[in-house]
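Reader: I would like a close look at one part of this protein. Please take me through the sheet and its core, step by step.

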Amino acid sequence: MEERIKIQVETISGNPTSGEIMITKLSKNQRMKTAFKKLFFFGGIAIFSVFLPVLHFFLVPLFLILGIVFGVKSYRVDSCLVSGNGSCPHCKEGINFKSNDLVWPILVKCHKCSRDLNISMATYN
Ligand SMILES: [Zn+2]
């Protein structure tokens, strides 16, 4: 299910600008599927690491722990950023949003002036 959300783009300098992003809510099954993909990916690397002499003593536990950490982390992400529009408060250049997991605040870099942009949900006063 897609949903539009009003955003506010801020930098250290310049007045905040507004924009809009489109997000997709992920179902519990989709989140579980993504979590298991990451768990099995790192589990596969851990199995491969068993055959590396000496290194397997720390690589196997490392990749098993990474699989659990990234699996749990991706299960907690409940929506994805699909697309969006907005402009840099400093140079007014449009922002390119990449399709990605949605974690607030969204941090992007302006490709024209290289300033860090902090994108948050718009608040209405
Ligand atoms: Zn800019």
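How far apart do the C-alpha centres of domain 1 and domain 2 lie?

Author: The C-alpha centres of domain 1 and domain 2 lie 31 Å apart. Keep in mind that this is a predicted model. Domain 1 takes in 1-26 + 78-125, and domain 2 covers 28-76. The overall dimensions come next. The radius of gyration is 19 Å, while a compact globule of 125 residues would have one near 14 Å. Along the principal axes, the C-alpha atoms fill a box of roughly 55 × 35 × 20 Å. Of the 125 residues, 15% count as buried.

Now the elements. The chain has 2 helices and 6 strands. From the N terminus on, they run β-β-α-α-β-β-β-β.

The sheet is open. Its 6 strands stand in the order β4-β3-β2-β1-β6-β5, with antiparallel pairing. β4 (100-101) and β5 are at the edges, and each has a single partner strand, so one side of each lacks a neighbour in the sheet.

Walk across the sheet from the β4 edge. β3 and β4 pair in the antiparallel sense over 2 bridges. Here C80 stands opposite D101 in β4. Next, 6 bridges join β2 to β3 (residues 79-85), again antiparallel. I21 is found opposite G84 in β3. Then β1 pairs with β2 (residues 17-25) over 8 bridges, in the antiparallel sense. R4 faces M22 in β2 as its opposite residue. At the other edge, β5 and β6 form an antiparallel pair over 4 bridges. L107 stands opposite N118 in β6. The hairpin of β5 and β6 has 6 residues between the strands, and S114 takes a positive phi near 60 degrees there.

Now look at the core. In soluble globular proteins, nonpolar side chains tend to be buried together. The largest nonpolar core here has 10 residues: I7, V9, I21, C88, I95, I106, V108, C110, L117 and I119. β1 (2-10), β5 (106-109) and β6 (116-121) each supply at least two of these core residues.

β5 deserves a second look. In a regular strand the side chains alternate between the two faces of the sheet. β5 has I106 and V108 on its covered face. L107 and K109 are on the uncovered one. I106 and V108 also belong to the largest nonpolar core.

Take I119 next. I119 lies in strand β6. Is I119 buried or exposed? I119 counts as buried because it has 23 C-beta neighbours inside 10 Å, and the cut-off for buried is 20 or more. Leaving aside neighbours within four places in sequence, I119 is in contact with I7, V9, G86, P105, I106 and V108. Among these partners, I7, V9, I106 and V108 are listed in the core as well. Y75 makes a contrast. The C-alpha atoms of I119 and Y75 are separated by 23 Å, and the two residues are 44 apart along the chain.

I95 is another core member. Which residues is I95 in contact with, leaving aside neighbours within four places in sequence? They are V9, G86, S87, C88, V108 and L117. V9, G86 and V108 also appear among the contacts of I119.

One last point concerns the whole chain. Among contacts between residues at least 6 apart in sequence, 53% join residues at least 24 apart.

Methods. Residues numbered from 1 in each chain as written. Predicted model: local features only at pLDDT ≥ 70, side-chain atom pairs only at ≥ 80, totals over all residues. Core = buried A, V, L, I, M, F, W, Y, C linked by C-beta atoms within 7 Å. Buried ≥ 20, exposed ≤ 12 C-beta atoms within 10 Å, placed from the backbone. Contact = placed C-beta atoms within 7 Å. Domains from an automatic or database assignment. Pairing = 2+ DSSP bridges. Rg over C-alpha atoms; globule rule 2.2 N^0.38 Å.
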